[in-house]
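User: I've got this one open in the viewer and I'd like to talk it through. Mind going over it with me?

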Amino acid sequence: MERSKKPANIPVSPTIPTPNVSISQDNSRITASLPTGESVEVLLYGATIISWKAKGKENLFLSSKAHLDGSKAVRGGIPLVFPVFGPPPADHATTGLPQHGFARTSKWEYLGKSTSESSATPNSKGDASVKLDFGLSHTMLDKIPSEWKNYEFGITYSVTLNKEDLETSFAIRNTGEKDWEFQTLFHTYLAVDNISQVSVSGLEGASYKDKTQGGKEVKGTSGPITIGGEVDRNYSQGPTKLITIAEKNKPRYELYRDLLIDVVVWNPWETKAKGMADFGPEDGYKKMICVEAGSVMQWNTLEAGDTWEGGQRIKAL
Ligand SMILES: O=P(O)(O)OC[C@H]1O[C@H](O)[C@H](O)[C@@H](O)[C@@H]1O
């Protein structure tokens with residue numbers, strides 16, 4: 001007999017979707033993805049983020065000629081600059097180090113993941129997030145051709161993939177007995193569709209050092225920055241100001257900074273791009289803009305036993 005008021009089926013406990021983290025077979029890269037489709041890929045070489053997908057798009061520019069085999073710093077993604085930005089000055093503890101230091105060319109250790117699925121429900125994929133931690137210490141470096149061979153340090157680099165943004169942060173510890181100085185920066189290559197339609201706001205009025213003019217101090221402009229040729233500017237700005245990267249006047253990325261008081265804006269344009277053997281395709285400079293948050297216009301002194309923390313959050317809009 002059919003029962004008219006048949007009880008509803010008791011639902012089987014649903015599996016809540018969780019972030020997924022995998023390590024490549026050759027142990028050279030870590031990939032993390034969220035149930036909502038966002039993903040990030042990190043090479044252990046330099047702890048370089050080489051891909052960040054969100055909003056159904058790739059948000060980082062990676063040169064088609066980038067070396068991903070650990071033979072050269074990666075041209076694209078988010079290379080890490082530490083302990084010196086640019087060519088090391090003479091008569092400094094960093095003298096002898098390669099341009100932008102050794103962090104981007106060292107093999108980092110993967111320390112593990114932590115995930116959060118707090119708001120995932122049976123009916124929604126929620127706002128899960130995943131944090132990947134990487135470590136580098138003085139004991140992991142090969143020969144260091146500078147005064148730096150006498151310094152001891154431990155860095156934890158955390159990459160957090162959230163649904164709408166990507167956070168990268170550093171805890172840099174002086175684990176030795178000598179104080180030392182450093183500079184650091186996230187050399188972020190943001191992907192854009194067409195550089196001629198890109199504008200960067202949040203740096204209005206700020207003066208900058210123009211490296212295309214030999215480091216000349218230039219007074220800031222009143223409107224957003226647009227790019228129509230080679231640009232290599234070092235802005236020294238307060239830590240709180242939001243930077244927005246727009247395309248066709250529509251905001252595409254927001255960059256939030258924590259203790260990273262300086263911003264570098266870089267696009268090599270046609271001639272410089274052609275001169276870089278690892279830059280491709282030839283017109284790839286139209287598809288990228290580097291907006292680099294860091295602390296590079298001065299030296300940060302880290303006393304023995306102290307830790308310095310700083311980071312950025314990029315929101316894809
Ligand atoms: O070629 P790299 O060593 O990776 O440096 C690439 C660029 O990095 C920064 O943006 C500097 O401001 C530029 O002067 C430099 O050309």
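## Walking through the model

Analyst: Let's start at Asn162: leaving aside residues up to four places away in sequence, what Asn162 touches is Ser129 and Glu167. Keep in mind that this is a predicted model.

User: Where does Asn162 sit, and is Asn162 buried or exposed?

Analyst: Asn162 lies in the loop between strand S9 (153-161) and strand S10 (165-174). Burial starts at 20 other C-beta atoms within 10 Å. Asn162 has 19 of them within 10 Å, so it counts as partly exposed.

User: How far apart are Asn162 and Lys131 in space?

Analyst: In sequence, 31 residues separate Asn162 and Lys131. In space, C-alpha to C-alpha, the distance is 8.7 Å.

User: How do S9 and S10 pair, and which residue in S10 is the bridge partner of Tyr157?

Analyst: S9 and S10 form a hairpin with three residues between them. They run antiparallel and are joined by nine bridges. In S10, the partner of Tyr157 is Phe170.

User: Which residue in S22 stands opposite Ser169?

Analyst: S10 also pairs with strand S22 (residues 307-316), running antiparallel through nine bridges. Opposite Ser169 in S22 stands Gly311.

User: Which strands stand at the edges of the open sheet of five strands, and why is one side of each left without a neighbour?

Analyst: The order in that sheet is S1-S2-S3-S4-S5, with antiparallel pairing. Two strands there have a single partner strand each, so one side of each has no neighbour in the sheet. Those edge strands are S1 (20-23) and S5 (57-58).

User: How many bridges join S4 to S5, and which residue in S5 partners Ala54?

Analyst: Strand S4 (residues 48-54) runs antiparallel to S5, and two bridges join them. The bridge partner of Ala54 in S5 is Lys57.

User: What's the phi of Lys55, and is Lys55 buried or exposed?

Analyst: Lys55 is in the loop between S4 and S5. Lys55 isn't a glycine, yet its phi is positive, at about 55°. With 13 other C-beta atoms within 10 Å, Lys55 comes out as partly exposed.

User: And what about Leu259: what is its phi, and where is it?

Analyst: Leu259 is another non-glycine with a positive phi, here about 60°. It has 16 other C-beta atoms within 10 Å, so it is partly exposed. As for its place, Leu259 is in the loop between strand S19 (250-258) and S20.

User: Which residues does a cis peptide bond join ahead of Pro83 and Pro281?

Analyst: Pro83 lies in the loop between strand S6 (80-81) and strand S7 (109-116), and Pro281 in the loop between helix H1 (269-274) and S21. Omega is about 0° for the bond from Phe82 to Pro83 and near -5° for the one into Pro281. So to name the pairs: Phe82 and Pro83, then Gly280 and Pro281.

User: Which residues are around the ligand, and which strands supply at least two of them each?

Analyst: The shell is made of Ala73, Gln99, His100, Lys211, Asp232, Val264, Trp266, Cys290 and Glu292. By type, that gives four nonpolar, two polar and three charged residues. The strands supplying at least two residues each are S20 (262-267) and S21 (288-302).

User: Which residues have the most contacts inside the largest nonpolar core, and which strand gives the most to it?

Analyst: That core has 82 residues, and the ones with the most contacts inside it are Leu190, Val265, Ile289 and Val291. Leu190, for instance, touches residues including Phe61, Ile245, Ile289 and Val291. The strand giving the most to this core, with seven residues, is S21.

User: Stepping back, how many helices and strands are there, and why does the protein count as compact?

Analyst: The protein has one helix and 22 strands. For 317 residues the globule rule gives 20 Å, so the protein is as compact as a globular protein of that length, its radius of gyration being close to that at 22 Å.

User: What share of the residues is buried?

Analyst: For context, the C-alpha trace spans about 95 × 50 × 35 Å along its principal axes. Among contacts with a separation of 6 or more, 66% link residues 24 or more positions apart. Of the 317 residues, the buried share is 39%.

How values were computed: Residues are numbered from 1 along each chain as its sequence is written. This is a predicted model: local features need pLDDT of at least 70, side-chain atom pairs count only at pLDDT 80 or more; totals for chains, interfaces and linings use all residues. A residue is near a molecule or strand if its C-beta atom, placed from the backbone, lies within 6 Å of it. Helices (H or I, at least four residues) and strands (E, at least two) are DSSP runs, numbered from the N terminus. Ala, Val, Leu, Ile, Met, Phe, Trp, Tyr, Cys and Pro count as nonpolar, Asp, Glu, Lys and Arg as charged, and the others, Gly among them, as polar. Two strands pair if DSSP finds at least two bridges between them. The radius of gyration is taken over C-alpha atoms; the globule rule is 2.2 Å times the number of residues to the power 0.38. A residue is buried if 20 or more other C-beta atoms lie within 10 Å of its own, exposed if 12 or fewer, and partly exposed in between; C-beta atoms are placed from the backbone. Two residues are in contact if their C-beta atoms, placed from the backbone, lie within 7 Å. A nonpolar core is a set of buried Ala, Val, Leu, Ile, Met, Phe, Trp, Tyr and Cys residues joined through C-beta atoms within 7 Å.
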